[in-house]
Amino acid sequence: MATTIDTCSICADQPPVESASRTWVQCDSCSAWYHADCLKISATQVSDIDRFHCPKCEAEHGPSTSTLKPERRKSQRESTKLNYADLNEGLSGDEKIWGKVLKAKTFAADKFARFNGADVTLARLRKGGMTEPFVIEDPAGLGMVMPPASTTVSSIAASVGKDLPVEVIDVATQASCPGWTMERWATYFETAPEQRDRIRNVISLEISGSEFGSKIVRPQLVRDMDWIDQVWPAELKPKEYPKVQLYCLMGTQDSYTDFHIDFGGTSVFYHIVRGSKVFYFIEPTSKNLKKYQKWSSSPDQSATFLGDEVKTCYAVHLQAGNTMIIPTGWIHAVYTPEDALVIGGNFLHGLNIGTQLRIYDIEEITNVPAKFRFPFFKRIHWYAVQKYTKMLQGTQKKKNAKISLQKLNFYFTHR
């Protein structure tokens with residue numbers, strides 16, 4: 001079984017030769033990790049592997065299988081023909097195409113846990129891990145303060161600044177629309193849905209330094225885990241730190257955000273103030289991450305629905321008052337059935353360090369632009385090393401220590 005901090009099963013005893021772009025592959029039978037070059041296979045060949053069996057497992061499970069020329073999957077559900085090409089045609093595109101795509105699909109039922117707010121603690125997650133999304137249906141006990149459901153976009157604009165530039169996404173093309181301010185966005189949002197010229201979405205308004213944001217308190221669990229709160233030097237705030245802790249998301253009816261992984265493998269808290277959302281989740285297994293990496297860098301990305309390329313894609317319906325925690329690396333898309341106001345935030349933490357770094361590697365390989373990356377990513381990991389080193393020096397003799405100081409230092413030093 002793979003450890004929390006992985007080493008190559010071939011070269012573990014040899015002097016390390018690491019780089020940010022070195023490709024890893026995980027055995028689908030025994031879960032051991034290997035460097036692709038240690039197996040003498042290229043990164044391109046790794047992308048074409050459907051199921052990988054390491055040298056130790058080939059005898060029992062057979063050779064690895066390839067995705068090249070796969071057999072077409074058949075569905076018992078009647079298919080709906082959709083013109084995906086419209087997505088690239090700007091104003092001539094069908095702006096409601098995403099709703100049609102989703103209605104034509106069959107998704108796995110929501111299997112994720114529901115908790116009471118008071119039961120969601122860091123101690124619980126340290127014991128049981130945080131490997132799947134979970135929902136807190138009632139915010140009581142979460143130790144957070146959120147805006148009332150009556151909050152208007154006009155009032156938010158007045159608080160953060162009416163002239164503040166805001167990134168607006170055209171839903172049909174999934175492209176950014178330049179030239180928008182919060183005042184213009186408020187006027188658009190508060191227009192009746194049937195009178196709007198296009199379906200648009202705002203998903204990246206960071207509000208932590210605003211008057212509006214100052215009235216919001218994130219869940220206690222998030223504050224206990226967030227490395228910005230726990231390891232970032234206090235003397236550097238508020239001038240220099242990753243401003244990713246608090247976002248206001250404003251989605252209009254029928255808006256959609258295509259499949260993505262939150263930057264740097266960050267986990268996310270997501271509270272619905274008003275309206276509703278539907279999430280489509282793909283588990284970040286080794287195989288699914290390879291498929292995501294290939295899809296996200298493909299010229300056919302806009303013509304391919306990623307949910308069709310994986311074995312299981314879950315649908316999760318959230319209502320006003322619900323709060324969801326999305327763990328590291330989960331691939332997801334989001335649909336908005338009705339106008340919705342959401343408060344959310346991203347955070348790095350110590351429960352899934354290995355996966356956070358693997359997502360960073362994917363971003364490096366696929367050349368994700370700096371504006372879409374977690375700011376100060378490497379730097380905050382070194383601050384985490386400093387904190388965990390001090391912790392481990394005081395606890396390394398205890399039997400319940402989960403990781404050795406030597407392995408932690410080795411892992412970070414040679415990435």
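Biologist: In this predicted model, are Tyr-292 and Trp-295 buried or exposed?

Modeller: Buried means under 20% relative accessible area. Tyr-292 meets that mark, and so does Trp-295. The answer for Tyr-292 and Trp-295 is buried.

Biologist: Where do Tyr-292 and Trp-295 sit along the chain, and what separates them?

Modeller: Both belong to helix H10. They are three residues apart there, so the separation is about one helical turn.

Biologist: What kind of aromatic pair do the rings of Tyr-292 and Trp-295 make?

Modeller: A pair of aromatic rings is described by the distance of the centres and the angle of the planes. For Tyr-292 and Trp-295, the centres lie 6.0 Å apart. Their planes meet at 40 degrees, so the pair is tilted.

Biologist: How many aromatic pairs are in the whole structure?

Modeller: The search covered the whole structure. Its count of aromatic pairs is 24.

Biologist: What kind of pair do Phe-259 and Phe-305 form?

Modeller: Their ring centres are 5.3 Å apart. The angle between the planes is 70 degrees. Planes over 60 degrees apart count as edge-to-face. The Phe-259 and Phe-305 pair is therefore edge-to-face.

Biologist: How many residues apart are Phe-259 and Phe-305?

Modeller: Phe-259 is in strand S11. Phe-305 is in the loop between helix H10 and strand S13. The pair links distant parts of the chain, and the gap in residues is 46.

Biologist: Which ring does Arg-358 lie over?

Modeller: Arg-358 lies over the face of a ring, at 3.9 Å from its centre. That ring belongs to Trp-33.

How values were computed
Residues are numbered from 1 along each chain as its sequence is written. This is a predicted model: local features need pLDDT of at least 70, side-chain atom pairs count only at pLDDT 80 or more; totals for chains, interfaces and linings use all residues. Side-chain values use heavy atoms; hydrogens and water are left out. Rings of Phe, Tyr and Trp (its six-membered ring) pair if their centres lie within 6.5 Å; planes under 30 degrees apart count as stacked, over 60 as edge-to-face and the rest as tilted. Helices (H or I, at least four residues) and strands (E, at least two) are DSSP runs, numbered from the N terminus. Buried means under 20% relative accessible area, exposed over 50%, partly exposed in between (1.4 Å probe, protein chains only). A charge sits over a ring if NZ of Lys or CZ of Arg is within 6 Å of the ring centre and within 35 degrees of the ring normal.
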